[in-house]
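The following exercises are to be worked through with the sequence and the structure at hand. Each task is followed by a solution in steps.

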Amino acid sequence: MQSYLKRVGTTYIPVSNVEAASEWYQEKLGAVENFRNEDKAILDFADQSFFLVKSQEGQQAQFIDHRGDEHFSLTFEVDGWENLKRFHEDLNDNGVTVGEIEDRGHPGNNFVFYDLDRNAFDVWSEWSGK
């Protein structure tokens, strides 16, 4: 079958407080806010549009895998080991909850970080845009 899909245009992230979440994403990840009301904020970063959607309490973007482990649903890419290391340090220095940098047995390295609502996001050192 022919592939008609060109890219992912929007990712939706559940948040408990739209204003606080939008400010967090702007401050910690350099997001640009394009719109905000009481129900959602529309942010641009990482060459994509993200909707922070006010959700019911306890909602998160990740899921539990077949082993019972929490699994992120989104991986951001950075360009190389040095940028991964610097980003990890910057997030940590800015009070963001970050996991350790890991070698998962494939090219590159990764780490996981969490937003205000404990949504988990992965970061990978290998940029596929090259």
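**Exercise 1.** In this predicted model, determine which residues Glu38 touches, not counting residues up to four places away in sequence, and state whether Glu38 is buried or exposed.

*Solution.*
Step 1. Locate the residue: Glu38 sits in the loop that joins β2 (32-36) to β3.
Step 2. List its partners: with residues up to four places away in sequence set aside, Glu38 touches Val18 and Lys54.
Step 3. Examine one of these pairs: Lys54 is 16 residues from Glu38 in sequence, and their C-alpha atoms are 7.7 Å apart.
Step 4. Assign the class: the relative accessible area of Glu38 is 65%, and the cut-off for exposed is over 50%, so Glu38 is exposed.

**Exercise 2.** Classify Ala61 by its relative accessibility and identify the residues that it touches beyond four places in sequence.

*Solution.*
Step 1. Ala61 belongs to the loop between β4 and β5 (63-64).
Step 2. Its relative accessibility is 23%. Buried requires under 20% and exposed over 50%, so Ala61 counts as partly exposed.
Step 3. Not counting residues up to four places away in sequence, Ala61 touches Pro14, Ser73 and Asn119.
Step 4. A further distance relates Ala61 to Ala120: 59 residues separate the two along the chain, while their C-alpha atoms are separated by 7.0 Å.

**Exercise 3.** Establish where Glu100 lies and with which residues it is in contact, leaving aside neighbours within four places in sequence.

*Solution.*
Step 1. The loop between β8 (97-98) and β9 contains Glu100.
Step 2. Its relative accessibility of 65% places Glu100 in the exposed class.
Step 3. Once neighbours within four places in sequence are left aside, the contacts of Glu100 are His88, Asn110 and Phe111.
Step 4. For Gln48, the separation from Glu100 is 52 residues in sequence and 26 Å in space, C-alpha to C-alpha.

**Exercise 4.** Describe the largest nonpolar core and name the residues in it that touch the most other members.

*Solution.*
Step 1. The largest nonpolar core has 24 residues, of which Tyr25, Phe45, Leu52 and Phe113 touch the most other members.
Step 2. Two or more residues each come from β1 (10-15), α1 (18-29), β3 (40-45), β4 (48-54), α2 (81-93), β9 (110-114) and β10 (120-124).
Step 3. The greatest contribution is that of α1, which gives five residues.
Step 4. Consider Tyr25 individually: leaving aside neighbours within four places in sequence, its contacts are Ile13, Gly30, Ala31, Leu43, Phe45, Leu52, Asp115 and Phe121.
Step 5. As a general principle, nonpolar side chains in soluble globular proteins tend to be buried together.

**Exercise 5.** Give the order of helices and strands along the sequence, and compare the radius of gyration with the globule rule.

*Solution.*
Step 1. The protein has two helices and 10 strands, in the order β-α-β-β-β-β-β-β-α-β-β-β.
Step 2. The radius of gyration is 15 Å, close to the 14 Å given by the globule rule for 130 residues, so the protein is as compact as a globular protein of that length.
Step 3. Of the 130 residues, 37% are buried.
Step 4. Among contacts with a separation of 6 or more, 48% link residues 24 or more positions apart.
Step 5. The accessible surface comes to about 8400 Å², and carbon and sulfur atoms account for 46% of it.
Step 6. The protein has 12 positive and 25 negative charges, whose mean positions are 4 Å apart.

Technical notes: Residues numbered from 1 in each chain as written. Predicted model: local features only at pLDDT ≥ 70, side-chain atom pairs only at ≥ 80, totals over all residues. Heavy atoms only, no water. Helix = DSSP H or I, 4+ residues; strand = E, 2+ residues; numbered from the N terminus. Rg over C-alpha atoms; globule rule 2.2 N^0.38 Å. Buried < 20%, exposed > 50% of the residue type's maximum accessible area, 1.4 Å probe, protein only. Contact = heavy atoms within 4.5 Å. Areas by Shrake-Rupley, 256 points an atom, 1.4 Å probe, with all protein chains shown as cover. Lys, Arg positive; Asp, Glu negative; His and termini not counted. Charge placed at Lys NZ, Arg CZ, Asp CG, Glu CD. Core = buried A, V, L, I, M, F, W, Y, C linked by side-chain atoms within 4.5 Å.
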